[in-house]
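Here is a short briefing for a reader new to this structure. Please look over the chains first, then read on.

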Amino acid sequence: MSSDPFAFLSPAAAQDVALRTPMERNHRAAGAELEDRDGWRIAAYPPNGSAAAWLADLSHVGKIDVRGPGAKIDTLTGGSELGHASHVDGVWTLRLSPTHAVVLCPFGRVAELRERITSGDAQLTVVDMTCGWAAMMIGGEHVREVFMRSSSLDVRPHRFPPGACMAGSVMRCASIVLNDAGRFWVLCGWEFGEYMWDALLDAGVTLGITPVSSAVAMGTEVAA
Amino acid sequence: MSFILTCPNCGPRAVDEFSYGGEVTTRATSSQDDRALFHYLYFRTNTAGDQREWWFHSSGCREWFQAERNTTRNEVLRVGRPGELAGAEAVPDAAAASEAAGG
Amino acid sequence: MADARLASRQGELIDRSRQVSFTWQGAEVSGYAGDTIASALFASGTRVFSRSFKYHRRRGLMCCAGQCPNCLVNVDGEPTVRACVTPIEQGMTVNHLNAWPSLNRDFLHLVGRLTPSFGMQVGFYYKTFIHPKRAWPLYEKVLRNAAGLGKLDPEHRRTDRYEKVHRHVDVLVIGGGEAGLEAAAEAAEAGKHTALVDEGLALGGYLAWGGPNGHARLDELLGRLTSAGVEILQPAFAGGVYEGLLVPVYQGRTMHRFRPAELVIATGAIEQPLVFGNNDLPGVMLGTAARRLVNQFRVMPGEEAVVVTSSDEGFEAACDLADGGVNVIAVADARPDADGSRVEDAGIEYLAGFQPLQAKGSKAVSGVVVTRNGERRSFGCDLLVMAGGSVGHTAFVTQGGGTIRYDREQRRYVPDSLPKGMRVVGSAAGTAAAAGAVPAKAPKTSCKQIVCFCEDVTTKDIGLSLDEGFRSLELSKRYTTVTMGPCQGRMCHRNSGLVIAEELGLDPDAQRVGVTTARPPHNPTSFSLLAARGYEPVKRTSTHHWHAEHGGKMLWAGDWKRPYDYGDAQSEADAVHESLGLIDVSTLGKLIVRGPDAAAFLERLYPNRFGDMKLARVRYGIVCGDDGSIIDDGTVARLSDTEYYVTTTSSGAGGMEQWFTWWNAVWKMDCEIVNVTSTIAAFNLAGPNARTALQGLTDFDLSNEAFPYLGAGQAQIAGVPCLILRIGFVGELGYEIHLPSAAGEHLWEKLMEAGEPYAVKPFGLEPQRVLRLEKMHIIVGQDTNAESNPLEAGMPWIVKLDKESDWIGRYAIEWYKNRGDRFALVGWEAQNGKVPVEGTQVIGADGGPAGRITSSRFSRRLGKAIGIAWVPLSMSEDGTGITISDPSGATIPATVTHKAFYDPDGERLRS
């Protein structure tokens, strides 16, 4: 056995493998180029995305599931209240229950962060869920309108301001949603990725939604 | 069913985000008393009124909690994480559990 | 016909500068922007809008407010559209719903004229058309053609996009009358996010349709609404109020699913018809309807009018219509002691104590007969206005969980208790004013007196239902269908109650008759709106497209799409036996159980033992409910002292996560459960050449000595970090490889490449089913059901009744053990080459069913039909001959066997 009993959950340990997101066929069909970056094949869309509404595939982002005693999760999240996320050095930490948090980070930092979070504490269960959730981001002027066509979750600005997060049903799939400076992350099961991508694009079709590159999405901060 | 149920972790949500776990029951711990065993396994009080029950937030945090619900009005009176609501030993409803596990 | 409109006046809705034309039954009609279909048609001379549901009687406009069924039409192929609340659009095609060959010449009308013995009186379905029996198909054809409102075109495919939007607001107001506008303005002015829905074309209710007096107040309210920022949905309608104040609001092609924190019901009151002979003739109209036509659409509802009333609302109508230019000849008031001076002052004849007996005319109203204690008066008129008093619109109150009570003073139902978050304002909440008694029906007349306009229920039908013993409102409703039509009783709740009270000799004001329930949908609603954008979540494995691109027949398997086979199930199974096969088993549920108590937790959850497991080993386990039934099975691998990796069945994945976390919530043991089903792809490489093929991709020593059967090890395979489980569901040497989903397609391709020298074949679900059956491996849910315990299912070795700890299912299984087995799950081989159908029966000594075939397949490898069955203990001995029934009527002889059909000693698995 390897020293990490759960090494087989970590795509970062792959060597000479081009990792693929669940939406690879969708990107190709939409005419995107696939570029090798950070061990992933990442979709590059022409840079003329719509300002009204856009959707990006961020499935290659690192995701870590952390469970353990409430006090330790408090320490990890900096005492965030339920439904709130902290954002430090490009790492999001989402507080979903007293004993459960989810970390979103650059893919290259998963191993280091798992190590740091665990730091020998047997009471914390820290699992690499990078391939557990397909991740996408909705953005643009009509982000809320797209979302309201996809979910009964309440995302009115005073209920779901930047930095808020929640677990709930989107397009009838168990999902995690995060308001990142007015852009909404939607995380769903990896196996639902393709369905969710199609469904969100369809939800936004009358609002002029277009798929965009992940780099464009991450670089676009819009007013909350 | 379209009532609102408040998850202790996620807050108020439409009930279709949850799976129903059945009445909170007390587990039988012997095979010697047929009556007590069968009562635990197959009989439910089916209360028309306030009832303590299990719910799982299957579309959300995926955690179990308990709710007190008025079954005639479908009004949820209070909710709590396991152990937070005072009362009898709380174990899964054996009949509903098998159903949940099978689906 | 030329458009005849009255002179322009403040408050009219039409824009005379913009003509809009459409077709009505093939002929072009034009109206003005702002017209409804009904107002434009009425202005152009149309008087008959529909034929009634059962008797195909002519029907004209009655309510002009979307409350009655009389103007339901087909618009651009969509049936049951309410013409009186639907704006006209250029080029729309409007047709009637149910006449043949046309509205004005409808032969189906003859049905109602047939003799009573062959007619469609109440209960005719059960009485008239039962003899002779063989003629029923003919009757049915005729009746089906005559009944109903409109037809759906089965070939029609929707091309328009329908939308569904979830909306959260602080306050939702249903109804844009004065009270609704006031409530909305107040809420919004207090800073609440407020939306208001109204189904009319103009806000304001009576302020808008009741003549010029209300305009100033309306303008004031609209001004407040605008400055406070109330969102207005109009024309749109609430389809109902569901639990938790869920309100679907339909607007055009969009369904808004509102979840307001507060719901304000401002639905107002609905004017009621009066019951008298031929009260459904075209030209008989509610007072509010006639006033809408005059005041909002500037159309003359008739030249000469008579008003029959039982309330002061009749006076309002008479004066307003007279003011609008209608020649109102007389007002007949059923109340003997009301003060009619207001009518007389306007120069209209006032008849106190007169109630309508019948309307005259065959195709339209030509007059009316009113009566008082046997005295009769006749009038000629082409408009007969009914003002039967109004009732509060309380359907949404009761739908939302509130209750209503009868108020004797007001003679109507008013809200009693309200659910949390609901408020009722305006006339829906009740008025303070006392109301006069309303005559239940006219004195004896030979004409039909319609109570329920939707379903063509007459006073006679209700009388008959009571005579036949259905002596209550609820029973009569179910027998006659009164209140069950599209209007859900809005035009007949009150009157049906009055008629029944009178027939039964009850005091209608003593509330002994009750009221029926008005259920959603509140208005006719198209399926397209209900369906809108459909969501059908589909789970795809990381290699989904590889399968599809390589001939995999992708079928639904639970929520997943999986390949049934790749075109040739037999040769795929052969490949596994003879050389090498590869199957995608990513759909398996996968759980991590981790923590100091992980072993103890599993010991309490399974009948098996796990605490004694060595590291890097995997074990088969079953999960039982506390009733001892088998609810799932799978493998458990021990990765460290405190870390286990559990697989479940594909269909049980979600359920097992719930099951594990549930018991952990109860026991609060020191361990965590993490569902990694999505995270991990899994492939099973199986066949005699599996080791050699796989060894080429990894440094991990796969030799039988280093990595024996039931071993578990981590390795890099083709650069991918994997967990390898050496298990054999399909009966040959096999490696189940678990890896991160994102590398799934990469590794699959590498495995196929490595298997190329061995003619590897991908295999689907069907060959897997044959292979596992050859090994007599059960499928939980197919070979077991809710009554299957592990003792009878042939797995007593799994059940460790001597475990020190308590475990789930223990007491029920002990009970079963004490009772002794009654059935057994056994294998069988057919003796005559036939393959039994799954689900068929094993026949007992008495010729009756004794057992059940749960799995059945022909195995080419073995050259015979094999399977699994539940049989009574008396038939379960190895070698017993059993008889299996076949749907053809023949029987299939078979022999019971206990050992696996293929490689019974597992030598190939362990090799």
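Is α22(C) mostly covered or mostly uncovered? Helix α22(C) is mostly covered, with seven of its 10 residues buried. The model is a predicted one. The points below take up helix α22(C), a sheet in chain C, a strand in chain A, and the contacts that chains A and B make with chain C.

**Helix α22 of chain C**

- The buried residues of α22(C) are Leu765(C), Pro767(C), Gln768(C), Val770(C), Leu771(C), Leu773(C) and Glu774(C).
- These buried residues pack against strands β29 (554–557), β30 (560–563), β31 (581–584), β44 (849–859) and β45 (864–872) of chain C, and against helix α17 of chain C as well.
- After α22(C) comes Met776(C), which has a positive phi near 55°.

**How α17 meets α22 in chain C**

- Two packed helices are described by the angle between their axes and by the distance between those axes.
- Helix α17 (residues 569–578) of chain C packs with helix α22 (residues 765–774) of chain C at an angle of about 55°.
- The axes of α17(C) and α22(C) are 8 Å apart.
- The two helices, α17(C) and α22(C), are therefore oblique to each other.
- The crossing of α17(C) past α22(C) is right-handed.
- On the α17(C) side, the contact uses Ala569(C), Glu572(C), Ala573(C) and Val576(C). On the α22(C) side, the residues are Glu766(C), Pro767(C), Val770(C) and Leu771(C).
- By class, six residues of this contact between α17(C) and α22(C) are nonpolar, two are charged and none is polar.

**A five-stranded sheet in chain C**

- Five strands of chain C form an open sheet in the order β33-β34-β35-β32-β36, with antiparallel pairing.
- Strands β33 (617–624) and β36 (672–675) of chain C are the edges, and each pairs on one side only.
- From one strand to the next, the twist averages 25°.
- Strands β34 (residues 630–640) and β35 (residues 643–648) of chain C run antiparallel and are joined by four bridges.
- Ser640(C) stands opposite Glu643(C) in β35(C).
- Helix α19 (residues 653–667) of chain C packs on the sheet. Helix α19 touches β32 (589–594), β33, β34, β35 and β36 of chain C. The direction of α19 makes about 20° with that of β32(C).

**Strand β11 of chain A**

- Eight of the eight residues of strand β11 (residues 173–180) of chain A are buried, so β11(A) is largely enclosed by the rest of the structure.
- Both faces of β11(A) are covered. One side holds Cys173(A), Ser175(A), Val177(A) and Asn179(A). The other holds Ala174(A), Ile176(A), Leu178(A) and Asp180(A).
- Strand β10 (residues 165–170) of chain A pairs with β11(A) in the antiparallel sense over six bridges. Leu178(A) in β11(A) is the bridge partner of Cys165(A).
- A hairpin is formed by β10(A) and β11(A), with two residues between them. Met171(A) in that turn has a positive phi of about 55°.
- Strand β12 (residues 183–189) of chain A also pairs with β11(A) in the antiparallel sense, over six bridges. Cys188(A) in β12(A) is the bridge partner of Ser175(A).
- A hairpin is formed by β11(A) and β12(A) too, with two residues between them. Ala181(A) in this turn has a positive phi of about 50°.

**Chain A against chain C**

- The contact takes 46 residues from chain A and 45 residues from chain C.
- In chain A, β4 (62–67), β8 (125–128) and α5 (193–203) each supply at least two residues of the side that touches chain C.
- Helix α5(A) gives the most to this side, with four residues.
- By class, the side of chain A that touches chain C has 24 nonpolar, 10 polar and 12 charged residues.

**Chain B and its contact with chain C**

- Chain B has two helices and six strands. From the N terminus on, its elements run β-β-β-α-β-β-β-α.
- Of the 103 residues of chain B, 42% count as buried.
- The contact takes 28 residues from chain B and 29 residues from chain C.
- Helix α2(B) gives the most to the side of chain B that touches chain C, with six residues.
- By class, that side of chain B has 16 nonpolar, 10 polar and two charged residues.

Key: Residues numbered from 1 in each chain as written. Chains lettered and ligands numbered in written order. Predicted model: local features only at pLDDT ≥ 70, side-chain atom pairs only at ≥ 80, totals over all residues. Axes fitted to C-alpha atoms, helices over the stretch in contact; angles between N-to-C directions. Parallel < 35°, antiparallel > 145°, perpendicular 65-115°, else oblique. Left-handed = near helix turned anticlockwise from the far one by under 90°. Contact = placed C-beta atoms within 7 Å. Nonpolar A, V, L, I, M, F, W, Y, C, P; charged D, E, K, R; others polar. Pairing = 2+ DSSP bridges. Buried ≥ 20, exposed ≤ 12 C-beta atoms within 10 Å, placed from the backbone.
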